[in-house]
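Hi everyone, thanks for making time today. I'd like to walk you through a structure that is probably new to most of you, so please have it open as I talk.

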Amino acid sequence: MERFYLITGHVSLLELLVPQGVRLVQLRIKDEPEAEVRRQIARARDICAVHGAQLVVNDYWQAALDLNCNFVHLGQEDMETADFAALRRAGIQYGLSTHDEKELDRALSYDPAYVALGPVYETLLKKMKWAPQGLERVTRWKAMAGKTPLVAIGGLTLERAPGVLQAGADSVAVVTDVMQAKYPEARVREWLEVCR
Ligand SMILES: Cc1ncc(COP(=O)(O)OP(=O)(O)O)c(N)n1
Ligand SMILES: Cc1nc(C(=O)O)sc1CCOP(=O)(O)O
Ligand SMILES: [Mg+2]
C-alpha cells in the first residue's frame with residue numbers, strides 16, 4: 001500500500017497537489033450540495049486518471065458507483081447505509097475507519113482494502129469523542145489487522161510520520177499538516193520523501 005495518503009477537502013487542492021507525485025488521495029467533501037460534490041468527484045477521478053493516482057471518495061459511495069470511481073472510504077456511521085453488495089459487484093474497494101476493538105472486529109468482517117486507526121494524535125480538523133490512540137495502539141492494531149493494511153490518521157505531521165510508520169502503520173493519512181503549510185506543494189514533496 002502507498003505509504004503517503006493525502007486527504008483534501010476540495011478538488012482544487014487535489015488538482016494542485018496530485019501532480020507533485022501523490023499516488024493515493026482522498027476527496028473528503030463536507031457541507032456541499034450533492035451536485036457540487038458530484039462535480040468535484042468527477043473532476044478528481046479524471047485528474048487522478050491522468051496522473052496515475054488512486055482516488056478514494058469519502059462518504060459518497062453512491063456517487064462513486066454512479067461516476068465509475070473504484071475506491072471509497074467509509075466510517076462506522078457510513079457503513080450503516082452503504083450497500084456493500086453493490087460496491088463489491090461493481091468492484092469498488094473500500095477502506096473503513098476504526099477507533100476501538102469492537103469497530104476493528106466489525107470492520108475486518110467486511111474484508112476491507114484497509115482499516116484506518118485514529119486519531120493517533122489530537123486532531124484539529126474535527127471534534128472527536130476519541131482520545132488520541134498513541135503509537136502503542138498503532139502497533140497493536142497492526143497485529144490485530146493481520147494482512148489487512150493499516151492506515152494511521154489524526155494529528156499527523158511530517159515530524160511524527162516516521163515514528164508512526166515504525167510503529168506499524170502501512171500508510172499515513174494527513175490533512176492539516178499539508179493544508180496549513182505556507183507552500184502545500186513543497187510540503188507534499190517533503191511527505192513523499194519521508195514516506196519513500
Ligand atoms: C483514511 C481515513 N481514515 C478515517 C477517516 C474518517 O472517516 P469517518 O469516520 O467517516 O469521518 P469523516 O472523514 O467522514 O468525517 C477518513 N475520512 N479517512
Ligand atoms: C478525518 C479524520 N478521521 C479521523 C479518525 O480518527 O477517524 S482523524 C481525522 C482528521 C485527520 O486530519 P488531520 O490530519 O488534520 O488531523
Ligand atoms: Mg465518513
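Let's start with the two faces of helix α7: E136 and A143 are exposed on one side. This is a predicted model, by the way, so please keep that in mind throughout. Which residues of α7 are buried? In this helix, which runs over residues 135–145, they are V138, W141 and A145. These three sit on the same side of α7 because they cover an arc of only 65° around the axis. If you wonder about the spacing, an α-helix has 3.6 residues a turn, so residues three or four places apart point the same way.

And what do the buried residues of α7 pack against? Their partners are two helices, α6 (101–108) and α8 (161–166), plus the strands β6 (114–117) and β7 (150–153). Just past the end of α7, have a look at G146, which takes a positive phi of about 60°.

Now to the ligands. Around ligand 1 there are 15 residues, and G75, S97, A116, I153 and A173 come nearest. Strands β5 (93–98) and β7 each give at least two residues to that shell. By type, the shell holds four nonpolar, seven polar and four charged residues.

Ligand 2 has 14 residues around it, with G118, T123, G154, V175 and T176 nearest. Here the split is seven nonpolar, six polar and one charged.

Finally, the record: an unreviewed UniProt entry lists residues 10–177 as "domain: Thiamine phosphate synthase/TenI". That span is 42% helix and 18% strand, and its end C-alpha atoms lie 16 Å apart. Thanks for listening!

Notes
Residues are numbered from 1 along each chain as its sequence is written. Chains are lettered from A and ligands numbered from 1 in the order in which they are written. This is a predicted model: local features need pLDDT of at least 70, side-chain atom pairs count only at pLDDT 80 or more; totals for chains, interfaces and linings use all residues. A residue is near a molecule or strand if its C-beta atom, placed from the backbone, lies within 6 Å of it. Ala, Val, Leu, Ile, Met, Phe, Trp, Tyr, Cys and Pro count as nonpolar, Asp, Glu, Lys and Arg as charged, and the others, Gly among them, as polar. UniProt positions are given in the numbering used here, feature names are shortened, and annotations may be inferred rather than shown by experiment. Helices (H or I, at least four residues) and strands (E, at least two) are DSSP runs, numbered from the N terminus. A residue is buried if 20 or more other C-beta atoms lie within 10 Å of its own, exposed if 12 or fewer, and partly exposed in between; C-beta atoms are placed from the backbone. The arc is that of the directions from the helix axis to the C-beta atoms. Two residues are in contact if their C-beta atoms, placed from the backbone, lie within 7 Å.
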